[in-house]
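Biologist: Please take a close look at one part of this model for me. I would like to hear about the ligand site and what surrounds it.

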Amino acid sequence: MDKQSVIIVGGGISGLYAASLLGELYEVTILEASDRFGGRILDLKREGFSSILKYGAEFIHGEADLTFSLLKEAGISYREVNGTTYRARKGELLRSEMMIEGWDGLLEAMSQIERDMTLVEFLNTHFKHPECKELRAETIRYAEGYDTADPDRISVKALYKEWSEEDRTYQISPGYGVLAAYLIERCVKLGVQLHADCCVRNINWDGELCEVRTAMQTYSAHKVLVTVPLARLTDTDENTKLSFFPPLNDYKKAAGDIGFGAAIKIFASFSTPIWPKDAAFLFSDQAIQTWWTQLPYTSNILTGWAGGNYAKELSKLPEQELKQVALRSLAGTLGMSEARVKSHLQAMAIANWEQHKWIYGAYSYPTPRTTSARRLLNTPVADKIYFAGEALSNEFSGTVEAALLSAKAMVTQMITSLRSA
Ligand SMILES: Cc1cc2nc3c(=O)[nH]c(=O)nc-3n(C[C@H](O)[C@H](O)[C@H](O)COP(=O)(O)OP(=O)(O)OC[C@H]3O[C@@H](n4cnc5c(N)ncnc54)[C@H](O)[C@@H]3O)c2cc1C
């Protein structure tokens, strides 16, 4: 009997991992819209920088067991991020492990809510007194920055789960790109067809075989696994949207019930480190509030980060203006003049994911409606259309681990269905 066939739409880490699991048993094709594979994993060598820049995913957060086991299998090493956290206050950098003044009381109150709600609703209910103004502002800033979230949408129960877990952080020196490269190699060995520059416009699942159309060609397969970013699923622009026939309006609506935030990364290379040698993270109240070094690896590069609604606004600025904002913020954070920072600056680069043609944002975050949205999106349509990707994992949100877990879960469902066909 001929092998059953599967088309995977999207060649990010979830698509690549799914293909590497399915490739042994089935005829697998990956159709990727951009000219390369890896999606939000993108490591680039840029002029003026002594090491690779991690434009997208960079850290391994917490106990990401599947990521660790794949890294082990691929022989890729990683190291825990050590070093000290600093906070800039009144032009001075001070060591400070406490993210937010009143953090313990905040977590305690979060742990006690029964009905899920958004962060803004929670703060307005439980921390409404004028003396909590600072705590409210800092909590919102943190959720925006770290989770790229809209505070009017993000789920407090999800935030509590994330913030209350001990989160050790690890770095892969050359970046996650080496993991994507390993999976690509595994796919090639298994005979998976990898097609770049193939943006899928329509998926027709009406007949016995699904028809997957790009501008140039129609492909057919027994099953289709869609791994595009959330913003591509909710896209309604006639020129760019991904259409299904028969339409999958409730699935698209469910995708809109999961948040999808913006982020900007700024890379700055210096002739010499102008920050405390033991610094891992620097937080400040400047426009770009978060900066980090490459510890435990030695490097003269600082990475700046803006997330959430503020990053969405910043993303509209011309690159030169963005660099100016970053420079001013860094000077304010380090308590130095702009001229002094500039005198050591060798190069700057910006990763602006909001403007990325195929991604339109950074990563997902849960809203109070996300659990039921994920339940639907994790239910295959007529055993033909499946969805996977970082936004659909029930265990993590917005990480490489989430993308891998989601792919694995969907592949398990698909194999069960293909075996019984
Ligand atoms: C700035 C930034 C920093 C991050 N930092 C971290 C971090 O430190 N640690 C961490 O674990 N995670 C991090 N992440 C998140 C992590 O990168 C993602 O969760 C993960 O890479 C998502 O993988 P995916 O396969 O689900 O989606 P993607 O990587 O987005 O893959 C989907 C693919 O679908 C393609 N596509 C879109 N439309 C179509 C179409 N119509 N037809 C065909 N193909 C299409 C896209 O081009 C893309 O390649 C970060 C992300 C960003 C943007």
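Modeller: What follows covers the ligand site, then the nonpolar core.

This is a predicted model, in which local features need pLDDT of at least 70, side-chain atom pairs count only at pLDDT 80 or more, and totals for chains, interfaces and linings use all residues. Residues are numbered from 1 along each chain as its sequence is written, and side-chain values use heavy atoms, with hydrogens and water left out.

Start with the shell. There are 39 residues around the ligand, each with a heavy atom within 4 Å of it. Ser14, Glu32, Arg40, Phe59 and Val400 come nearest. By class, the shell holds 22 nonpolar, 12 polar and 5 charged residues. Here Ala, Val, Leu, Ile, Met, Phe, Trp, Tyr, Cys and Pro count as nonpolar, Asp, Glu, Lys and Arg as charged, and the others, Gly among them, as polar.

Now the polar contacts (pairs of N or O atoms within 3.5 Å; within protein, one must be able to donate a hydrogen and the other to accept it, and residues adjacent in sequence count only if both atoms are side-chain atoms). Ser14 places a polar side-chain atom 2.7 Å from a ligand oxygen atom. Arg40 also has a polar side-chain atom 2.7 Å from an oxygen atom of the ligand. Ala33 uses its backbone: a polar atom there is 3.1 Å from a ligand nitrogen atom.

Next, the cover. Taken alone, the ligand exposes 1,000 Å², and the protein buries 98% of that. Such areas come from the Shrake-Rupley method with a 1.4 Å probe; for residues, only the protein chains shown count as cover.

Which elements give two or more residues to the shell? They are helix 1 (13-22), strand 5 (59-61) and helix 14 (400-419). Helices (H or I, at least four residues) and strands (E, at least two) are DSSP runs, numbered from the N terminus.

Two of these helices lead on to the largest nonpolar core, where helix 1 and helix 14 each supply at least two residues. A nonpolar core is a set of buried Ala, Val, Leu, Ile, Met, Phe, Trp, Tyr and Cys residues joined through side-chain atoms within 4.5 Å. Buried means under 20% relative accessible area (1.4 Å probe, protein chains only). This core has 41 residues. Ile8, Ile13, Leu22, Ile60, Leu179 and Leu225 touch the most other members. Helix 14 gives the most to this core, with 10 residues. In soluble globular proteins, nonpolar side chains tend to be buried together.

Notes:
Buried means under 20% relative accessible area, exposed over 50%, partly exposed in between (1.4 Å probe, protein chains only).
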